[in-house]
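Open the structure in your viewer and keep the selection box ready. This tour goes stop by stop, with something to select at each one.

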Amino acid sequence: MNSFASKVMLFLVAAVLVISSIGLSPASAWTPFKDVSSSDVEIDYLYDRGLIKGISSNQFGPDYSVTREQAATLIGRALGLSGTERKTKFSDVSSSSYSSGYIQSAVDKGIITGYPDGTFKPKQTMTRGEMAYLLSRAFNLTKTSTVFFTDIKQDSSSTSLYTAVNKIATAGISNGTGGGSYSPNKELIREEFAIFLARALEPKFKVAFQNATIAKLYSTTDNLNVRSGPSTSYKVIGQIHTNNEVQVYGYSGNWVYGKSGSLTGYFSLSYLAKATSKPSRVMVIDAGHGGTDPGAVANGLVEKEVNLDVSLRVERMLKAKGINVLMIRRTDVFYTLDYRAAYGVKNGADAFVSIHANAYTPGTSGSETFYSASVANDSKQLATFIQNRLYKAMEHNNRGVKEYDYRVLAANPLPAALVELGFLTNSGDAAKLATSTYRERAASAIAEGIEDYYDWKQR
């Protein structure tokens with residue numbers, strides 16, 4: 001054949017292929033079944049290997065139910081068991097039945113046991129629960145994992161339904177029917193069984209099991225331990241805090257298995273609750289000093305006045321964010337440190353921030369935020385969120401987050417932080433704090449840090 005003729009022939013072959021592909025129906029490219037989608041590659045796989053047949057020459061019948069004898073036959077073919085028709089141990093399975101050889105072979109292998117009355121009920125529709133038993137035995141599945149379904153009671157005994165379903169889920173054969181359910185009593189259909197069987201035979205079809213979130217609970221305490229198993233005897237793998245959300249995957253006695261942030265494990269139900277409403281956000285803002293106590297005085301500034309001005313700006317910004325604010329003072333008055341420390345608890349607040357300006361040598365400058373480690377709460381996180389924004393907004397040296405037992409912190413049961421805006425004794429810091437621009441920037445940074453803290457508490 002000459003070169004020109006070869007090119008013409010190749011063109012005609014390509015054209016035929018293109019035209020043929022345009023005329024394809026939605027049926028699979030590898031099976032004659034018109035009622036099977038081209039995405040059902042598992043059915044292609046089984047048909048290509050002679051493991052499944054249709055209900056007619058061009059119909060697979062994906063929604064038809066699967067009887068117990070049909071399931072036994074499919075499993076028998078897949079495992080290469082003898083299908084020679086013969087007498088079985090079951091009184092209701094005829095030796096002349098097409099399925100008798102596969103059923104008895106499965107009995108011999110310990111895959112099928114039948115019913116206590118000596119019957120197999122071959123014409124009875126198989127359920128998804130029965131399918132789990134059949135596949136777990138047929139493929140000798142032994143591995144289990146932290147698998148939970150809302151409609152299957154957890155029971156770790158070797159013969160339980162939970163264990164059988166757990167095994168096929170762990171093996172990547174089934175992910176359930178959605179919403180955390182498995183539907184063990186649902187009738188099995190041909191499409192489902194074909195997909196499950198293909199996954200059991202061929203690793204490329206397997207799915208990665210993922211527990212579904214069936215509830216959302218919230219921690220009612222700080223430092224709640226997350227454990228590797230459902231009792232206090234198991235290892236602590238991390239902690240969560242008040243109002244932290246737990247995505248619940250399943251229940252095990254008085255424990256839940258779920259995820260909070262990056263932690264996945266077991267949480268005690270004794271310290272979890274449903275969210276009745278959006279967690280409250282009530283912040284105490286304490287303008288440091290006041291009245292007969294002026295605080296630091298330097299470079300033409302009086303600390304109590306700077307503190308009050310910035311505090312009132314913070315109040316305005318927090319209210320705009322939907323955060324409730326309790327002010328220790330709005331005017332030039334004096335309150336004791338113990339009064340300030342107790343104010344928030346007495347008035348239903350959930351956190352406390354005290355605002356100050358610093359004083360030291362003229363060369364010392366920058367912003368810093370304090371917390372007390374003597375009180376077990378989220379004070380360090382609150383201080384960190386504020387400090388991370390404050391020094392940047394003020395264009396100051398970052399003097400960091402520090403631990404110190406100031407009275408308003410150490411005597412305060414609430415998460416509490418004390419902010420030092422800058423040094424009045426430093427000419428550069430003082431020049432900024434003398435302006436409305438930088439006072440507004442300081443207030444905005446504090447308000448945003450407080451909002452960061454509340455968002456962190458509620459995530």
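Select Asn299. With 49% relative accessibility, Asn299 is partly exposed, because exposed would take over 50%. This is a predicted model, so treat each stop as a view of a prediction. Asn299 sits in the loop that links β9 (297-298) and β10 (301-302). Check its backbone: phi is near 50°, a positive value in a residue other than glycine. Most residues other than glycine have a negative phi.

Now select Glu395. Here too phi is positive in a residue other than glycine, near 55°. Glu395 belongs to the loop between α10 (379-394) and β14. Is Glu395 buried or partly exposed? Its relative accessibility is 49%, so Glu395 counts as partly exposed.

**A buried loop residue**

Go to Ala296, in the loop between β8 and β9. Ala296 has a relative accessible area of 14%, so it counts as buried. Show what surrounds it. Leaving aside residues up to four places away in sequence, Ala296 touches Leu301, Val302, Glu303, Asn358, Ala359 and Leu424. Then draw a distance to Tyr360. The two residues are 64 places apart along the chain, and their C-alpha atoms are separated by 9.4 Å.

**The sheet**

Select six strands in this order: β11-β8-β12-β15-β13-β14. They form an open sheet with mixed pairing. Which strands stand at the edges? They are β11 (324-327) and β14 (398-403); each has a single partner strand, so one side of each is left without a neighbour in the sheet. Look along the sheet for its twist, which averages 20° from one strand to the next.

Zoom in on β13 (residues 367-371) and β14. These two strands run parallel and are joined by four bridges. For one position to check, pick Phe370: its bridge partner in β14 is Lys402.

Next, add helix α13 (residues 436-458). This helix packs on the sheet and touches β8 (282-287), β12 (351-358) and β15 (416-423). The direction of α13 makes about 155° with that of β12.

**Two helices side by side: α10 and α13**

Keep α13 on screen and add α10. Their axes are 8 Å apart, and the helices pack at an angle of about 150°. The two are therefore roughly antiparallel to each other. Their crossing is right-handed. Turn on the side chains to see the contact. From α10, the residues that make it include Leu382, Phe385, Ile386 and Arg389. From α13, they include Tyr438, Arg441, Ala445 and Trp456. Colour the contact by class: 13 residues are nonpolar, two are polar and five are charged.

**A second pair: α3 and α7**

Select helix α3 (residues 68-79) and helix α7 (residues 190-201). Their axes come within 12 Å and cross at roughly 25°. Helices α3 and α7 are therefore roughly parallel to each other. The crossing of α3 past α7 is right-handed. Which residues make the contact? On α3 they are Ala71, Leu74, Ile75 and Ala78; on α7 they are Phe193, Leu197 and Leu201. Colour this contact by class as well: seven residues are nonpolar, with no polar and no charged ones.

**A covered helix**

With α3 still shown, select helix α4 (residues 100-108). This helix is mostly covered, with eight of its nine residues buried. Among the buried residues are Tyr102, Ile103, Gln104 and Val107. Helix α3 is part of what covers them. Step past the end of α4 to Gly110, where phi is positive, near 75°.

**Last stop: Tyr271**

Select Tyr271, in the loop between β6 (263-268) and β7 (272-273). At 42% relative accessibility, Tyr271 counts as partly exposed. Which residues does Tyr271 touch, not counting those up to four places away in sequence? They are Tyr218, Ser219, Thr220, Thr221 and Leu224. Finally, draw a line from Tyr271 to Ala194. The pair is 77 residues apart in sequence, and the C-alpha to C-alpha distance is 44 Å.

Technical notes. Residues are numbered from 1 along each chain as its sequence is written. This is a predicted model: local features need pLDDT of at least 70, side-chain atom pairs count only at pLDDT 80 or more; totals for chains, interfaces and linings use all residues. Side-chain values use heavy atoms; hydrogens and water are left out. Two strands pair if DSSP finds at least two bridges between them. Axes are lines fitted to C-alpha atoms, for helices over the stretch in contact, and angles run from 0 to 180 degrees between N-to-C directions. Contact means heavy atoms within 4.5 Å. Angles under 35 degrees count as roughly parallel, over 145 as roughly antiparallel, 65 to 115 as roughly perpendicular and the rest as oblique. A crossing is left-handed if the near helix is turned anticlockwise from the far one by less than a right angle, and right-handed if clockwise. Ala, Val, Leu, Ile, Met, Phe, Trp, Tyr, Cys and Pro count as nonpolar, Asp, Glu, Lys and Arg as charged, and the others, Gly among them, as polar. Buried means under 20% relative accessible area, exposed over 50%, partly exposed in between (1.4 Å probe, protein chains only).
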